[in-house]
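Colleague: I would like to work through this model with you, taking one feature at a time and asking how each should be read. Could we begin with the pocket and then move on to the strands?

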Amino acid sequence: MVNLTRPDSARRGVALLIVLAVLMITLTATSIIMSAAANASASRRLAQADHIAIDLLAAAEEPIQWWLKNESDKVILPLPPTVLEPAVAVLDDSFTLAARLIDDDEASGESPVVQITITAFDQRGMVPMQLARSGSPLRLSLPTEVLQLLDAADLPPASGTLDVQLGLDLFSRAIDDYPDVAIFPSAVAGGANRRPFGAQDAARLPALGGLVATHNRGTPVRINICTAPMPLVEAACRLAGRGDIDQIVAARTAGKRPDVPQLFDRAQSGEAASSIPSIVTTTDCWSFRIDLTVNGLKQSWWSTYTRGRPPAPLPAPRPPTPTLGHPSQIRTRAITPRKDHDWTCVQRLAIDE
Amino acid sequence: MRFRGLTMIETLLAIALLTLIVSAAASWTAMAGRLATISAAPARQETLLDAVCALIQRDLLTGDFEVEGRRGAPPPTPRVQVNDGVLEIRGRANAIHRYHLDRTTRVLQRTDSGTPRVLLHGVDEFIVTLDDDNRTLDVAIEMRDESIDAAQAKPATRTATRRFNLPW
């Protein structure tokens, strides 16, 4: 049996107090250090993911240009009644980026997981916004929720003119009052994730950007009957003086291009009015939804491309590193898109969701 | 065996000891909190600076690029201009985003259609250089963390410099 004398227990008590104090100090210091390190690491990872996403946006220019040049003219979409958006999956890929490809000052030693999804939306396969906001019969092909949002939005007076281009961002304020409609359409899964065309996601809201064209202006407006949804094809053909759309449905179901010369086109026959669309089978204006996910950080962009611009001069070669007093921290982002194609990006918007 | 009660001296000693321990713990906790704030400051500043740079990047990337090439139109106003240290980026629908450092209050602001918005406090320098020939924009921001009491700890200064290639 241990005999606890008074001096011994006092010593032990003091020792215990010292141990307690040391433990408290050590634990607190450790937690502070760990918390600071975790904060710094999270901040670095976020910044790195953001920079990679911007680089990927620049890199996405290449597959978009390739698709526009080689595939866009071949697009013929089937006509299931459930599909209302003229959308095509361009790219749906995920991969691990080699750590060595990342700038030294950003590297965290990890290989970021990247997912990139690009979906094309045919501007000529949607109802032109100026007609959708007027009394045009094309307006009737749109869902009620979208019409309500269209009518409620307070657009700038010069919207739709050559000076103030229309854009989906003009609806960002009005959207708060309309929870049943989205501004930007969702991406369409492609590659291994591709689903049968027409298999709609039940939770998918009707989206203004997938149904109403911001870049289909001019007289007459053009409707692409190879990509437009069934209600719009019917309305456009009726307006253009073509009542029988069986030929179009049959051709599209068979994956063939409808025979346009056989169609009676009032817009091209001298009866043109600003409200009568011209029926076309190819498109010179596509919008792309670009979704980039890097280590869980997601960025989405909406870019619109038109065809027919003369090639612009190539950008100047990359300049030397600037000296703003802190050259070691300079980071260079290659965000200059290529301009040596006949498709040009005319508008880019950031998607906030 | 029946436990003997505590004497007055023992009780007073225990109370004094407890008070000592509690006050020591309280002061240590306060000091630990301050240490945590100071140690997290660089990461916080870096995050803020990154956020501002991301905002500038976003303003540069978004907009209309068509009107500049219109036939017969007057020469377009440059999308990016730097006037007296004020960075101006023409965005969508001809809206101008202005980045400007108020040197009196050391506040970096972004003004959209006349409405100012505070981006950062404690900014000492906001240097913007536009290189028209090489189509680049260099931005340098130097800031101090004002959440740290300058009397007790030296505020950490952080600088972020970025080069943006102009995307048009």
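Colleague: How many nonpolar, polar and charged residues are there in the lining of the largest pocket?

Modeller: Bearing in mind that this is a predicted model, one reads a lining by sorting its residues into classes, and for the largest pocket they divide into 22 nonpolar, seven polar and 13 charged. The volume of this pocket is about 1300 Å³, and of the 42 residues that line the pocket, D169(A), L170(A), S172(A), R173(A) and D352(A) are the closest to its centre.

Colleague: Which elements give two or more residues to that lining?

Modeller: They come from both chains, namely β10 of chain A together with α1, β5 and β6 of chain B.

Colleague: How should I then read the enclosed spaces, and how many cavities of 30 Å³ or more does a search of the whole structure find?

Modeller: A cavity, unlike a pocket, is a space where the probe fits but cannot get out, and the search finds four of 30 Å³ or more. The second largest has a volume of about 60 Å³, and its lining, which includes L84(A), M126(A), S141(A), L211(A) and P229(A), divides into eight nonpolar residues, two polar and no charged.

Colleague: Turning to chain B, what is the order of the strands in the open sheet of five?

Modeller: One reads a sheet by following which strand pairs with which, and here the order is β2-β3-β4-β5-β6 in chain B, with antiparallel pairing. The edge strands are β2 (80–83) and β6 (115–121), each of which pairs on one side only, and the twist averages 20 degrees from one strand to the next. Within this sheet, β3 (residues 86–90) and β4 (residues 96–102) of chain B are joined by four bridges, and I89(B) stands opposite H97(B) in β4(B).

Colleague: Which helix lies across those strands?

Modeller: Helix α1 (residues 8–61) of chain B lies across β2, β3, β4, β5 (107–112) and β6 of that chain, running at about 140 degrees to β6(B).

Colleague: In chain A, what does β8 pair with?

Modeller: Here the bridges can be followed to two partners: strand β7 (residues 285–294) of chain A is joined to β8(A) by 10 bridges, and the two run antiparallel, while β8(A) and strand β10 (residues 343–351) of chain A pair in the antiparallel sense over eight bridges. To place individual residues, V294(A) has L297(A) in β8(A) as its bridge partner, and T304(A) has Q347(A) in β10(A).

Colleague: Is β8(A) mostly covered or mostly uncovered?

Modeller: In general, the side chains of a regular strand alternate between the two faces of the sheet. Strand β8 (residues 297–307) of chain A is mostly covered, with eight of its 11 residues buried.

Colleague: Where should I look for a positive phi in a residue that is not a glycine?

Modeller: The loops between strands offer two cases, and one of them is N295(A), with a positive phi of about 50 degrees, whose place is in the loop between β7 and β8 of chain A. The hairpin of β7(A) and β8(A) has two residues between the strands, and N295(A) counts as partly exposed because its relative accessibility is 30%. R106(B), found in the loop between β4 and β5 of chain B, has a positive phi of about 55 degrees although it is not a glycine. At 21% relative accessibility, R106(B) counts as partly exposed, because buried means under 20%.

Conventions
Residues are numbered from 1 along each chain as its sequence is written. Chains are lettered from A and ligands numbered from 1 in the order in which they are written. This is a predicted model: local features need pLDDT of at least 70, side-chain atom pairs count only at pLDDT 80 or more; totals for chains, interfaces and linings use all residues. Side-chain values use heavy atoms; hydrogens and water are left out. On a 1 Å grid over the protein atoms alone, a cavity is a set of points where a 1.4 Å probe fits but cannot get out, and a pocket is an open set with protein on both sides within 12 Å along at least five of seven lines; lining residues have an atom within 4 Å of a point. Grid points are joined across faces, edges and corners, and a volume is the space filled by probe spheres set on the points. Ala, Val, Leu, Ile, Met, Phe, Trp, Tyr, Cys and Pro count as nonpolar, Asp, Glu, Lys and Arg as charged, and the others, Gly among them, as polar. Two strands pair if DSSP finds at least two bridges between them. Axes are lines fitted to C-alpha atoms, for helices over the stretch in contact, and angles run from 0 to 180 degrees between N-to-C directions. Contact means heavy atoms within 4.5 Å. Buried means under 20% relative accessible area, exposed over 50%, partly exposed in between (1.4 Å probe, protein chains only).
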